[in-house]
Amino acid sequence: WFGPDNDFLLANSDFVVVAVPDTVLNIINKTSLSLMKSTSVLIPLDPNNVEWDALYDALSGSLIGGAILDVWPDGCWGFKLNCGPPYGVTTEPYAGKGSFRDLPNVRMTPNVMFQSDHLWDNSAAFTGANLKTLIEGGPLQGVVRNISG
């Protein structure tokens with residue numbers, strides 16, 4: 001999936017970006033993680049490519065340096081819109097051995113890479129509802145920072 005010598009690539013890479021089809025299941029697993037350097041950072045681009053319990057173990061045990069995680073096996077964490085199948089509606093990104101948010105070597109984003117018509121339709125509806133609420137003087141949803149206060 002990477003090239004003729006995947007073990008060499010995993011053992012010598014500072015950053016491992018996994019960009020293979022979602023039909024390739026658990027290519028990042030206990031074995032592949034054990035080959036990575038203790039300073040390597042994993043960046044998977046599809047949740048199906050990751051064996052999540054093995055990744056949690058590798059990160060919590062500092063077997064690899066870290067991970068930048070934007071894809072999740074369950075839900076679109078941190079985003080209040082329904083991402084729809086196969087991603088579910090839950091806002092908890094992982095319900096396995098422990099919480100990735102408690103690990104200091106993980107940077108999490110809420111599945112912002114996920115781009116489907118369903119997501120963009122919901123995003124447009126969310127924005128439209130907020131604009132209507134703004135015109136009516138009501139409280140806005142999803143405010144990151146109130147610049148007037």
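This is a guided tour of a predicted model, going from its aromatic cluster to its core, a buried asparagine, two backbone features and the salt bridges.

**The aromatic cluster**

Begin by selecting Trp-52, Tyr-56 and Phe-100, which ring pairs link into a cluster; a search of the whole structure finds 2 aromatic pairs. With the rings of Trp-52 and Phe-100 on display, you will find their centres 5.8 Å apart and their planes at 85°, and since planes over 60 degrees apart count as edge-to-face, the pair is given that label. Trp-52 belongs to helix α3 (residues 52-60), whereas Phe-100 sits in the loop between β3 (66-69) and β4 (106-108), so that this pair links parts of the chain that are 48 residues apart.

Next, turn to Tyr-56 and Phe-100, whose rings are also edge-to-face, at 5.5 Å centre to centre and with 80° between the planes. Because Tyr-56 lies in helix α3 and Phe-100 in the loop between β3 and β4, this pair ties together parts that are 44 residues apart in sequence. Are these rings buried or exposed? Trp-52 and Phe-100 are both buried; the relative accessible area of Phe-100 is 2%, and Tyr-56, at 14%, is buried as well.

**Outward from Phe-100 into the core**

Keep Phe-100 selected and show its contacts: leaving aside neighbours within four places in sequence, they include Leu-55, Leu-59, Leu-69, Trp-72, Tyr-94, Val-106 and Met-108. Phe-100 is also, with Leu-33, Leu-42 and Leu-55, among the residues with the most contacts inside the largest nonpolar core, which has 25 residues. Colouring by element helps here, as two or more residues of this core come from each of β1 (15-18), α3, β3 and β4, and α3 gives the most, with 6 residues. In soluble globular proteins, nonpolar side chains tend to be buried together.

**A buried asparagine**

Now select Asn-49, in the loop between β2 (41-44) and α3. Asn-49 counts as buried because its relative accessibility is 0%, and, not counting residues up to four places away in sequence, Asn-49 touches Val-18, Val-20, Pro-21, Asp-22, Val-24, Asn-26, Ile-27 and Ile-28.

**Two positive phi values**

From that list, move to Asn-26, in the loop between β1 and α2 (30-35), where phi is near 50°, a positive value in a residue other than glycine. Asn-26 is partly exposed, with a relative accessible area of 33%. Then go to Ser-62, in the loop between α3 and β3, which has a positive phi of about 55° although Ser-62 is not a glycine.

**The salt bridges**

Where do the 3 salt bridges found in a search of the whole structure lie? Select Asp-14 and Lys-37 to see one of them, with the closest N and O atoms 2.5 Å apart; the pair links the loop between α1 (6-12) and β1 to the loop between α2 and β2, 23 residues apart. Asp-14, at 43% relative accessible area, is partly exposed, and Lys-37, at 27%, counts as partly exposed too.

Return to helix α3 for the bridge between Lys-97 and Asp-57, where the closest N and O atoms are 2.7 Å apart. Since Lys-97 lies in the loop between β3 and β4 and Asp-57 in helix α3, the pair ties together parts that are 40 residues apart in sequence; Asp-57 is partly exposed, at 34% relative accessibility.

Finish at helix α4 (residues 117-136), where Lys-132 and Glu-136 lie 4 residues apart, about one turn of the helix. Their side chains meet in a salt bridge at 3.7 Å, N to O, and both residues are exposed.

Conventions
Residues numbered from 1 in each chain as written. Predicted model: local features only at pLDDT ≥ 70, side-chain atom pairs only at ≥ 80, totals over all residues. Heavy atoms only, no water. Phe/Tyr/Trp six-rings, centres within 6.5 Å; stacked < 30°, edge-to-face > 60°. Buried < 20%, exposed > 50% of the residue type's maximum accessible area, 1.4 Å probe, protein only. Core = buried A, V, L, I, M, F, W, Y, C linked by side-chain atoms within 4.5 Å. Contact = heavy atoms within 4.5 Å. Salt bridge = Lys/Arg side-chain N within 4 Å of Asp/Glu carboxyl O.
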